[in-house]
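Let's take a walk through this structure together, from its sheet to its cores and its cysteines. Keep the 3D view open as you read.

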Amino acid sequence: MRLPSLIVILFLCAWPALADCSGRTIAGHILQAPVCVPGNPQRVVVLDPFYNLGMALEIGVPVVGAPLLTAPDAGLRVRAQAASIVDIGDTRQPDLERIVALKPDLILGDGQLHGQFYDKLARIAPTALIDVADWKDYFLTLGDVTGRSDKTEEALRIFRERASAIKSRMPADIEVSVIRVAIHGFHVYLDGPAAYAPYAVLHEAGVKRTAYETTDDDTVLKRPTWEEIAELNGRILLYVVAAGNSPGQDEELEAETIANPLWKMLPAVQAGRAYRVDKAAWFGFNSVASAHRILDDVERYILTAP
């Protein structure tokens with residue numbers, strides 16, 4: 001904190017004790033639970049440009065502030081800017097002075113990312129830091145906190161019906177490999193109990209991954225070397241390129257990667273079944289809309305495979 005006066009403001013603006021709660025009490029999947037939140041929040045600041053921002057906008061939460069510059073989904077960033085949402089800085093170090101100036105009546109954040117700021121945030125406005133890994137449970141919790149459970153439940157109902165319909169059409173004999181090409185190497189997100197959201201969507205849609213990409217424990221990620229990517233021997237290969245946000249960075253990294261002889265030896269590459277997918281959904285997953293974009297790719301590249 002830079003200004004002594006701001007410290008005073010933070011303490012003066014402390015949210016009433018739970019016993020005095022005039023809104024709603026939320027207990028499940030929330031850090032420092034239970035917390036008191038307004039019944040119908042009208043000025044919400046979100047601290048995370050992924051789930052917080054994407055899911056909040058999806059169900060019509062009136063967001064007034066968010067960390068926009070670090071949002072990897074350009075479309076989501078445009079929507080936020082069109083809604084006159086104020087940038088509050090880096091998600092890992094939100095600007096508390098900007099947040100105070102926005103006069104929020106609710107602050108939404110992530111338990112893992114923002115727990116260290118809880119005491120300061122809670123003195124500005126009621127603060128709900130969602131603490132659950134599964135993306136669908138996260139969405140339901142966000143809907144509960146903001147008083148929009150009906151919208152989250154309906155959106156998930158539609159998603160589940162679509163995923164189930166796709167699963168019923170999924171060929172049993174096709175294994176799929178998925179890899180993220182990053183500036184410092186490869187990332188393979190696994191199909192397992194703790195799968196990151198896009199890969200959990202694949203599982204729900206019945207997509208079978210290779211043995212190298214599947215686990216029974218809570219391992220989320222592998223970082224294969226060039227030699228180890230030979231294990232990605234699926235009939236179909238989906239790859240995400242995430243080099244940076246500057247124009248041309250992704251294209252340069254893709255060109256360098258696919259020119260490598262070891263990449264060319266992958267079975268799906270040799271068969272002409274390697275497809276680059278949109279990083280906005282696969283790298284910047286942030287909502288049920290992102291989940292549907294994953295399903296779009298499943299229908300486009302897997303269900304139509306020769």
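The report below goes through a predicted model, one region at a time.

## The parallel sheet

A good place to begin is the open sheet of five strands, which pair in parallel in the order S5-S4-S3-S8-S9. Strand S5 (86–87) and strand S9 (127–130) stand at the edges with a single partner strand each, so one side of each has no neighbour in the sheet. Strands of a sheet pair through backbone hydrogen bonds, either parallel or antiparallel.

Within this sheet, strand S3 (residues 44–46) and strand S8 (residues 106–110) run parallel and are joined by three bridges. If you look for a matching pair there, you will find Val-46 opposite Leu-108 in S8. Two helices can then be added to the picture. Helix H2 (residues 51–58) packs on the sheet and touches S3, strand S4 (63–66) and S8, with a direction about 165° from that of S4. Helix H7 (residues 135–145) also packs on the sheet, where it touches S8 and S9; the angle between the directions of H7 and S8 is about 165°.

## Strand S8 in detail

Strand S8 deserves its own stop. Five of the five residues of S8 are buried, so the strand is largely enclosed by the rest of the structure. In a regular strand the side chains alternate between the two faces of the sheet. Here Leu-106, Leu-108 and Asp-110 point one way from S8, while Ile-107 and Gly-109 point the other way, and all are buried.

On the S9 side, four bridges join S8 to S9, and the two strands run parallel. One of the residues to pick out is Gly-109, whose bridge partner in S9 is Leu-129.

## Where Ile-59 meets Thr-152

Next comes a meeting point between parts of the chain that lie apart in sequence. Ile-59 sits in the loop between H2 and S4. With a relative accessibility of 3%, Ile-59 counts as buried, because the cut-off for buried is under 20%. Beyond the residues within four places in sequence, Ile-59 contacts Phe-139, Leu-142, Gly-143, Thr-146, Arg-148, Lys-151 and Thr-152. The C-alpha atoms of Ile-59 and Asp-150 are 9.5 Å apart, although 91 residues separate the two along the chain.

Thr-152 itself belongs to helix H8 (residues 149–169). Is Thr-152 buried or exposed? Its relative accessibility is 0%, so Thr-152 counts as buried. Setting aside residues up to four places away in sequence, Thr-152 touches Ile-59, Phe-139, Leu-140 and Gly-143. A polar atom of the Thr-152 side chain also lies 2.9 Å from the backbone oxygen of Ser-149.

## The nonpolar cores

The largest nonpolar core has 78 residues, and those with the most contacts inside it are Leu-53, Ile-99, Trp-135, Leu-238, Trp-282 and Phe-285. Helix H14 (residues 288–302) gives the most to this core, contributing seven residues. Phe-285 is worth zooming in on: leaving aside neighbours within four places in sequence, its contacts include Phe-50, Tyr-51, Trp-135, Tyr-196, Pro-198, Val-201 and Ile-294.

A second, separate core has 16 residues, among them Ile-179, Tyr-212, Ile-229 and Leu-266.

## The antiparallel strands around S11

Antiparallel pairing appears further along the chain. Strand S10 (residues 175–182) and S11 run antiparallel, with three bridges between them, and a hairpin of two residues joins S10 to S11. Arg-180 stands opposite His-187 in S11.

Strand S11 (residues 185–189) is mostly covered, as four of its five residues are buried. S11 is also joined by two bridges to strand S13 (residues 221–222), again running antiparallel. In this pairing Val-188 stands opposite Lys-222 in S13.

## The disulfide

How many disulfides does the model contain? The count comes to one, and it joins Cys-21 to Cys-36 with an S to S distance of 2.0 Å. The torsion about the S-S bond of Cys-21 and Cys-36 is about 80°, so this disulfide is right-handed.

The pair links distant parts of the chain, 15 residues apart: Cys-21 lies in the loop between helix H1 (4–12) and strand S1 (24–26), and Cys-36 lies in strand S2 (residues 35–37). Cys-21 is partly exposed, with a relative accessible area of 22%, whereas Cys-36 is buried, with a relative accessible area of 6%.

Conventions
Residues numbered from 1 in each chain as written. Predicted model: local features only at pLDDT ≥ 70, side-chain atom pairs only at ≥ 80, totals over all residues. Heavy atoms only, no water. Buried < 20%, exposed > 50% of the residue type's maximum accessible area, 1.4 Å probe, protein only. Polar contact = N/O pair within 3.5 Å; in protein donor to acceptor, adjacent residues only side chain to side chain. Contact = heavy atoms within 4.5 Å. Pairing = 2+ DSSP bridges. Axes fitted to C-alpha atoms, helices over the stretch in contact; angles between N-to-C directions. Core = buried A, V, L, I, M, F, W, Y, C linked by side-chain atoms within 4.5 Å. Disulfide = S-S within 2.5 Å.
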